[in-house]
Amino acid sequence: QVQLTQSGGGLVQAGGSLRISCAASETIFNINAMGWFRQAPGKQRELVAGVGTLGVTNYADSVKGRFTISRDNAKKTVYLQMDSLKPEDTAVYYCKTLAFNYWGQGTQVTVSS
């Protein structure tokens, strides 16, 4: 059973930055693309950013230029650096292995105006 453990997040003012992390328990991480999703109250969960095994990234239009996804295969960890945060970025953020249905526990990110 793969476990994904998230850390980071919290409360920040608009324009600020946060970084969230997701550490995998197994080396399956190294052969899987990883993604960050978010779900705001009353909205569907959406894919925010993804990173392939070789580091190729893609982003939702809403976060492009502000968020950066990266991975450290040696640490089996994926990161999401969030800059220039906006109140509409407020949501619970989840990491996930894109090829398998393994999810992190979720991390609240709240951006105040």
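**Questions on a predicted model**

Colleague: Which residues does V78 touch, not counting residues up to four places away in sequence?
Modeller: Contact here means heavy atoms within 4.5 Å. With residues up to four places away in sequence not counted, V78 touches I20, S21, C22, F29, M34, W36, V51, I69, S70 and R71.

Colleague: What pLDDT do local features need in this predicted model?
Modeller: Residues are numbered from 1 along each chain as its sequence is written, and side-chain values use heavy atoms, with hydrogens and water left out. The model is predicted: totals for chains, interfaces and linings use all residues, side-chain atom pairs count only at pLDDT 80 or more, and local features need pLDDT of at least 70.

Colleague: Which strand supplies the largest share of the largest nonpolar core?
Modeller: Such a core is a set of buried Ala, Val, Leu, Ile, Met, Phe, Trp, Tyr and Cys residues joined through side-chain atoms within 4.5 Å, where buried means under 20% relative accessible area, exposed over 50% and partly exposed in between (1.4 Å probe, protein chains only). The largest one has 27 residues, and V78 is among those with the most contacts inside it, as are W36 and F67. Strands are DSSP runs (E, at least two residues) numbered from the N terminus. Several of them, including β8 (77-82), each supply at least two core residues, but the largest share, four residues, comes from β3.

Colleague: Why is one side of β1 and of β7 left without a neighbour in the sheet, and which strands are the edges?
Modeller: Two strands pair if DSSP finds at least two bridges between them. The open sheet has four antiparallel strands in the order β1-β3-β8-β7. Since each edge strand has a single partner, one side of it is left without a neighbour; the edges are β1 (4-8) and β7 (67-72).

Colleague: Which residue in β3 is the bridge partner of S7?
Modeller: Five bridges join β1 to β3 (residues 18-24), and the two run antiparallel. In β3, the partner of S7 is S21.

Colleague: How far is the backbone oxygen of S84 from a polar atom of the R66 side chain?
Modeller: R66 lies in the loop between β6 (57-59) and β7 and is buried, at 10% relative accessible area. Among the residues R66 touches are M82, S84 and D89. The distance from the backbone oxygen of S84 to a polar atom of the R66 side chain is 3.0 Å.

Colleague: What is the relative accessible area of L47?
Modeller: L47 is in strand β5, and its contacts include W36 and N58. L47 is partly exposed, with a relative accessible area of 35%.

Conventions
Polar contact = N/O pair within 3.5 Å; in protein donor to acceptor, adjacent residues only side chain to side chain.
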